[in-house]
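Open the model in a viewer and keep the sequence panel visible. The stops below are meant to be selected in turn.

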Amino acid sequence: MALIKLNNQSLTAVSALPAGVGGGLISQQVFTSSGTWTKPAGVSKVKVYVVGGGGGAQNVESTQAASGGGGGLSIALIDVSSISSASITIGSGGSGSSSSGSRGGNGGTSSFGSYASATGGEGGVSSMSPYDGGEGGIGTTSVTSPVLSALNTRGNGGSRTGSLNVQQSGGGSFFGGAGAGAHDTGSTVSQGQDGTHGGGGGISQYTTVISGGSGVIVVEEYA
């Protein structure tokens with residue numbers, strides 16, 4: 001126990017838990033490029049957040065533009081007692097399109113070994129049926145050993161516009177990252193932006209190429 005002073009009042013500090021009690025967070029690793037996760041000493045479980053790449057936008061002209069969808073998400077709690085490492089795959093962002101004959105590129109799939117994965121967002125399409133923003137990707141993880149629990153959900157969808165007088169951003173991922181859309185005030189035009197952290201590319205003016213953001217994986221490591 002330790003004695004501390006607060007506003008001249010004596011308080012007794014709460015002692016730390018005895019060694020070996022509890023299983024708190026030890027460390028965290030963030031992956032923005034493909035590689036290998038290696039288990040640190042003392043870690044028995046991980047909670048992973050896997051986000052796919054964002055879809056690219058299609059920008060053909062001022063009245064034909066569609067933004068990309070956000071990457072999907074899988075949150076999985078995994079028992080890594082018998083696992084020493086896992087391959088990390090980060091889905092790339094979909095490339096933007098300025099051609100009336102092709103939609104924006106789809107984002108790539110991100111994965112943590114064979115245990116948790118999430119597909120990328122779909123590219124936007126404004127000049128071909130169905131004329132719409134890209135659909136969000138989705139997590140695809142099953143709860144089978146050593147995965148103890150999982151939550152799978154979609155990224156936000158993109159949107160289509162017939163005018164650049166109103167901003168139309170890309171679809172966001174779990175970590176946000178939606179690329180901002182262009183905004184035309186009649187005197188100035190701000191161009192759309194690429195997505196980040198799995199967000200879809202935003203709508204831009206005319207034939208500007210706007211891409212989705214690469215995915216991301218966050219690994220929380222527990223004793």
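Select Ser-44 and Ala-223: the side chain of Ser-44 reaches the backbone oxygen of Ala-223 at 3.1 Å. A polar contact is a pair of N or O atoms within 3.5 Å; within protein, one must be able to donate a hydrogen and the other to accept it, and residues adjacent in sequence count only if both atoms are side-chain atoms. This is a predicted model, in which local features need pLDDT of at least 70 and side-chain atom pairs count only at pLDDT 80 or more, while totals for chains, interfaces and linings use all residues. Residues are numbered from 1 along each chain as its sequence is written, and side-chain values use heavy atoms, with hydrogens and water left out.

Stay on Ser-44 and show the backbone around it. Ser-44 lies in the loop between strand E4 (35-38) and strand E5 (45-51); helices (H or I, at least four residues) and strands (E, at least two) are DSSP runs, numbered from the N terminus. Ser-44 counts as buried because its relative accessibility is 18%. Buried means under 20% relative accessible area, exposed over 50%, and partly exposed in between (1.4 Å probe, protein chains only). Beyond its neighbours within four places in sequence, Ser-44 is in contact with Ile-78, Asp-79, Val-80, Ser-81, Tyr-222 and Ala-223, where contact means heavy atoms within 4.5 Å.

Next, select strand E16 (residues 216-222) together with E3. These two pair in the antiparallel sense over six bridges, and Leu-25 stands opposite Tyr-222 in E16. Two strands pair if DSSP finds at least two bridges between them. Now widen the selection to the open sheet of five strands, which has the order E3-E16-E5-E8-E12 and antiparallel pairing. Its edge strands are E3 (25-31) and E12 (147-153), each of which pairs on one side only.

Within that sheet, pick Val-48, which sits in strand E5. Val-48 is buried, with a relative accessible area of 0%. Measure from its C-alpha to that of Ala-76: the two are 5.4 Å apart in space and 28 residues apart in sequence. Not counting residues up to four places away in sequence, Val-48 touches Ser-74, Ile-75, Ala-76, Ile-78, Phe-112, Ala-116, Val-218 and Val-219.

Follow that list to Phe-112 and display the aromatic rings. How many aromatic pairs does a search of the whole structure find? There are four. Rings of Phe, Tyr and Trp (its six-membered ring) pair if their centres lie within 6.5 Å; planes under 30 degrees apart count as stacked, over 60 as edge-to-face and the rest as tilted. One of the pairs joins Trp-37 and Phe-112, with centres 5.5 Å apart and planes at 55 degrees, so it is tilted. This pair links distant parts of the chain, with Trp-37 in strand E4 and Phe-112 in strand E10 (residues 110-112), 75 residues apart. Both Trp-37 and Phe-112 are buried. Add Tyr-115: Phe-112 and Tyr-115 form a tilted pair, 6.4 Å centre to centre with 50 degrees between the planes. Tyr-115 is partly exposed, at a relative accessible area of 22%. Trp-37, Phe-112 and Tyr-115 form one aromatic cluster.

Finish on strand E9 (residues 85-89), where side chains alternate: Ala-86 and Ile-88 point to one face and are buried, while Ser-85, Ser-87 and Thr-89 point to the other and are not. E9 pairs with E4 in the antiparallel sense over four bridges, and Trp-37 stands opposite Ala-86. E9 and E10 also run antiparallel, joined by two bridges, and Ile-88 stands opposite Phe-112.
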